[in-house]
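Here's a quick tour of the holes, grooves and charge pairs in this protein. Have the model open while you read.

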Amino acid sequence: MSTITVPAQAPSVTDDVEQLRKAFSGWGTNEGLLISILTHRNAEQRKQIREAYTSTYNEDLLKSLDKELSNDFERLVHLWTLDPAGRDAYLANEATKRWTKSNQVLMEIACTRSSHDLLLAKQAYHACYKKSMEEDVAYHTTGDFRKLLLPLVSSYRYEGSEVNLTLAKTEAKLLHEKICDKCYNDDELIRIFATRSKVQINATLNQYKNLFGNDIDKDLEGDSDDEFLALLRATIECLTYSEKYFEKVLRLAINKQGTDEGALTRVVATRAEVDMKTIKAEYERRNSVPLDRAIAKDTRGDYEDMLLSLLGCADA
């Protein structure tokens with residue numbers, strides 16, 4: 001489901017490091033060379049390149065990139081060059097420091113990564129920032145948002161395929177009762193979405209629809225200005241239909257007046273190597289326009305070229 005293309009016979013790490021160094025030499029930076037190398041290497045190869053660059057030139061590749069590049073292109077290159085766990089740690093730390101009630105990045109990381117990947121992100125967070133992700137989430141969030149976000153980032157969900165249908169029916173009834181009473185912050189409701197496996201949650205929501213006739217998102221529509229309710233709906237979407245969630249993030253980032261480059265950069269950098277093909281298909285189904293065409297219409301220059309290359313466009 002990745003959209004990046006990696007050569008069957010990639011150049012050696014030494015060659016890549018030398019070429020990247022050349023891209024920084026002389027007058028101006030050879031952005032095209034940077035794009036051609038970095039967007040066609042997988043996470044392990046990029047990690048090896050960064051390690052070799054440091055050992056060869058005694059400088060972190062990220063620092064070299066930050067000195068040479070700027071604006072949205074620099075941020076996209078920076079995020080892409082980080083290994084996935086380090087990238088999630090970076091984004092989570094940024095989200096805690098700039099947290100607002102409409103910021104869904106922490107939930108996104110907690111709910112769309114596997115249990116193992118979330119654990120790696122938390123370990124990277126600990127190594128980078130000398131404190132835990134849970135500690136910062138607890139400190140920077142408040143009220144119902146903390147009540148939901150803290151167990152989400154603390155979770156280690158079962159990843160297997162086993163489902164308990166009796167439990168699914170029981171918890172579907174419990175969810176319906178809490179939603180009918182508008183108890184969206186109820187401890188038991190939060191417990192279900194924060195701890196159950198994704199397959200168990202899907203089974204519960206299927207039972208919910210069978211028993212009560214509606215998808216749960218319909219019953220959770222409520223007040224459109226309720227930011228906690230919006231976060232809860234997004235949580236459920238991330239746990240059950242993540243490509244629909246990411247399609248919506250991209251649609252809002254591209255289609256509103258003025259592009260939200262932060263959201264566009266984050267989604268492409270974090271999903272290109274995971275499930276971007278599925279997200280692209282969902283975007284075209286929902287909007288009747290290919291995602292790459294929408295991005296090309298809304299972006300320019302090296303930033304556009306790198307986005308399109310990460311989306312797997314042959315001419316990028």
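Which residues line the largest cavity? They are Ala 110, Arg 113, Ser 114, Ser 115, Leu 118, Leu 152, Ser 155, Tyr 156, Arg 157, Glu 159 and Lys 198. Before going further, a note on the source: this is a predicted model, where local features need pLDDT of at least 70 and side-chain atom pairs count only at pLDDT 80 or more, while totals for chains, interfaces and linings use all residues. Residues are numbered from 1 along each chain as its sequence is written, and side-chain values use heavy atoms, with hydrogens and water left out.

**Cavity and pockets**

A cavity here is a set of points on a 1 Å grid over the protein atoms alone where a 1.4 Å probe fits but cannot get out; a pocket is an open set with protein on both sides within 12 Å along at least five of seven lines, and lining residues have an atom within 4 Å of a point. Searching the whole structure turns up one cavity of 30 Å³ or more. The largest cavity holds about 60 Å³ of space.

The largest pocket has about 1500 Å³ of space. Its lining takes in 46 residues, and Gln 104, Ala 234, Glu 237, Tyr 245 and Lys 248 are the closest to the centre. Among the elements that give two or more residues to this lining are helix H15 (227–240) and helix H16 (242–255).

The second largest pocket comes in at about 310 Å³. Of its 17 lining residues, Pro 84, Asp 88, Arg 113, Asp 117 and Val 274 lie nearest the centre. H6 gives the most to this lining, with four residues.

Here is how the linings split by class (Ala, Val, Leu, Ile, Met, Phe, Trp, Tyr, Cys and Pro count as nonpolar; Asp, Glu, Lys and Arg as charged; the others, Gly among them, as polar).

| Lining | Nonpolar | Polar | Charged |
|---|---|---|---|
| Largest cavity | four residues | three residues | four residues |
| Largest pocket | 16 residues | eight residues | 22 residues |
| Second largest pocket | seven residues | three residues | seven residues |

**Salt bridges**

How many salt bridges does the structure hold? The count is 21, taking a salt bridge as a side-chain nitrogen of Lys or Arg within 4 Å of a carboxyl oxygen of Asp or Glu.

Glu 59 is a good one to click on. Its side chain meets that of Arg 21 in a salt bridge (4.0 Å, N to O). Glu 59 sits in the loop between helix H3 (43–57) and helix H4 (61–68) and Arg 21 in helix H1 (residues 13–24), so this pair ties together parts 38 residues apart in sequence. Glu 59 also pairs with Lys 67, at 2.8 Å from N to O. Arg 21 is partly exposed, at 31% relative accessible area, whereas Lys 67 is exposed, at 60% (buried means under 20%, exposed over 50%, partly exposed in between, with a 1.4 Å probe and protein chains only).

Asp 186 and Lys 178 form another salt bridge, with their closest N and O atoms 3.4 Å apart. Both ends count as buried: Asp 186 has 17% relative accessibility and Lys 178 has 16%. Glu 171, Glu 188, Arg 191 and Arg 196 are joined into one network by salt bridges that share partners.

Key:
Grid points are joined across faces, edges and corners, and a volume is the space filled by probe spheres set on the points.
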